[in-house]
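Grab a pencil and open the viewer. Try each exercise yourself before you peek at the solution.

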Amino acid sequence: MSLTLGIETSCDDTSVAIVDSRGHVLAMLSQSQDLKHQEFGGVVPEIAHRNHSLALLPLVDQLLTKAQLTFKQIDLIAVTNRPGLQGSLIVGIIVAKTLSQIHKIPLVGVNHLEGHILAPFLSDDQFTPIKTWQPGIRGLCLAVSGGHSSLYEFIEREYTVLGTTQDDAVGEAFDKVAKLLGLGWPGGAALDKLAQNGNPKAFEFPRTMQNKGLMLSFSGLKSAVLRVTEKLTPVELNDQRADIAASFQEAACDTLMQKLALAVSLKKPQIITLTGGVSANSRLRFLATDWARQQKLMLLIPPIRYCTDNAAMIAWAGTLKWQQGHTDDLSLFASPASLSGDFKFEN
Ligand code: KG4
Ligand code: ZN
């Protein structure tokens, strides 16, 4: 059994984890920078990379102590090298390269999105997925986060993009609507909580891109919410906040579910997975679980700790790459975007 140290610093979460060759997480430590960016209403790249550089090495030390391991027992270092904020990625890559050189451990760069796609197959002492990763596995993944909203078909580690957002990611829409409702940043989880006290039918918000196959779009939905809030006085807005949150969330989740159902009817996958920060949303989790049960489909949704950005998914994706013979050397670079060869696109 091999062990991989994963390092994730692509945006504003500093995360490290140790995962074995079956995708079992031995330990994970993550440090959120939310409070440091909150007053600016979004991630400030300079603040993010400065904090990664302060937090990362001490976090690796704490992780090894927690797992009662030393570098001698680590077989691979996996680090996110794309896509993400350039400065933040560079901090993770420099630390990974340094540790790899000092301790003579192979290094592999990982696409953050591949990490999200593989996250539903992670296990730990508290959680085992209903289906584990295996050769030839064929599935369909809805990956929804603050930076991305896409549907992928996968056959093992080969990924085809079936549809993607034409503008905002759904998590971005959650964050912008949360801001309009005075919920702070990032507001997805707070909006989810507020919506539990609201009426999802109070406002009729659009279900976007209905006749556009597997294309997604969320800027129209966000603008529709803005138009409603602009017409309300501060007192009215305050009174109707929960209804607006619930109605927006319902429209966003309905749209995602329609697209997921369409993709499943077209591709007939063995397994369906939901991943990324927005898959932490309680309404989306409920709708997807209920639909899969009715349709007798196998659906995997990871626990929330593996939905949002985390290093376990990076360690696991790196392990699978390494098992297929991939490693990187000191020329590994940070790329703000995915490389053209990372995914195939269905047209
Ligand atoms: O995957 P992630 O941690 O980072 C990116 O790769 O973007 O996703 C973060 C996004 C944010 O937009 C955040 O507001 C959203 O996930 N999010 C949620 C919930 N928890 C996090 N959105 C809706 N409901 C939630 N419970
Ligand atoms: Zn992410």
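Below are four exercises on this predicted model, each with a worked solution.

**Exercise 1. Find out which residues come nearest to ligand 1, and sort its shell by class.**

Step 1: Pick out the residues around ligand 1; there are 19 of them. A residue makes the list if one of its heavy atoms lies within 4 Å of the ligand.
Step 2: Look for the nearest ones, and you get Gly146, Asp175, Asp192, Gly277 and Asp309.
Step 3: Now sort the shell by class: five residues are nonpolar, eleven are polar and three are charged. Careful here, since Gly goes in with the polar group.

**Exercise 2. Track down polar contacts of ligand 1, then work out how much of the ligand the protein buries.**

Step 1: Use 3.5 Å as your cut-off for a pair of N or O atoms.
Step 2: Start with oxygen atoms of the ligand. Ser145 puts a polar side-chain atom 3.5 Å from one, while Gly277 has a backbone N or O atom 3.0 Å from an oxygen.
Step 3: Move on to nitrogen: a polar side-chain atom of Asn281 sits 3.1 Å from a nitrogen atom of ligand 1.
Step 4: Check the surface. On its own, ligand 1 exposes 550 Å², and the protein buries 87% of that.
Step 5: Ask which elements give two or more residues to the shell: they are helix H4 (112–118), helix H5 (170–180) and helix H6 (188–195). As for the space that ligand 1 takes up, that's the largest pocket.

**Exercise 3. Write down the strand order of the six-stranded open sheet and name its edge strands.**

Step 1: Walk across the sheet, and you should read S10-S9-S6-S7-S8-S11, with mixed pairing.
Step 2: Look for strands that pair on one side only; these edge strands are S10 (299–300) and S11 (344–345).
Step 3: Zoom in on S11. Two bridges link it to strand S8 (residues 158–164), and the two run parallel. Across this pair, Val161 stands opposite Phe345 of S11.

**Exercise 4. Hunt for unusual backbone geometry in three loops: where are the cis peptide bonds, and which residue has a positive phi although it is not a glycine?**

Step 1: Go to the loop between strand S4 (76–82) and helix H3 (86–103), where you'll meet Pro83. The bond from Arg82 to Pro83 is cis, with omega near -25 degrees.
Step 2: Next, visit the loop between H5 and H6 for Pro186. Its bond with Trp185 is cis too, and omega is about -15 degrees.
Step 3: Finish between helix H8 (234–267) and strand S9 (271–275), in the loop that holds Lys268. Lys268 isn't a glycine, yet its phi is positive, at about 45 degrees.

Terms used:
Residues numbered from 1 in each chain as written. Chains lettered and ligands numbered in written order. Predicted model: local features only at pLDDT ≥ 70, side-chain atom pairs only at ≥ 80, totals over all residues. Heavy atoms only, no water. Polar contact = N/O pair within 3.5 Å; in protein donor to acceptor, adjacent residues only side chain to side chain. Areas by Shrake-Rupley, 256 points an atom, 1.4 Å probe, with all protein chains shown as cover. 1 Å grid on protein atoms, 1.4 Å probe; cavity = no way out; pocket = protein on both sides within 12 Å on 5 of 7 lines; lining within 4 Å. Sits in = over half its atoms within 2 Å of the grid points. Helix = DSSP H or I, 4+ residues; strand = E, 2+ residues; numbered from the N terminus. Pairing = 2+ DSSP bridges.
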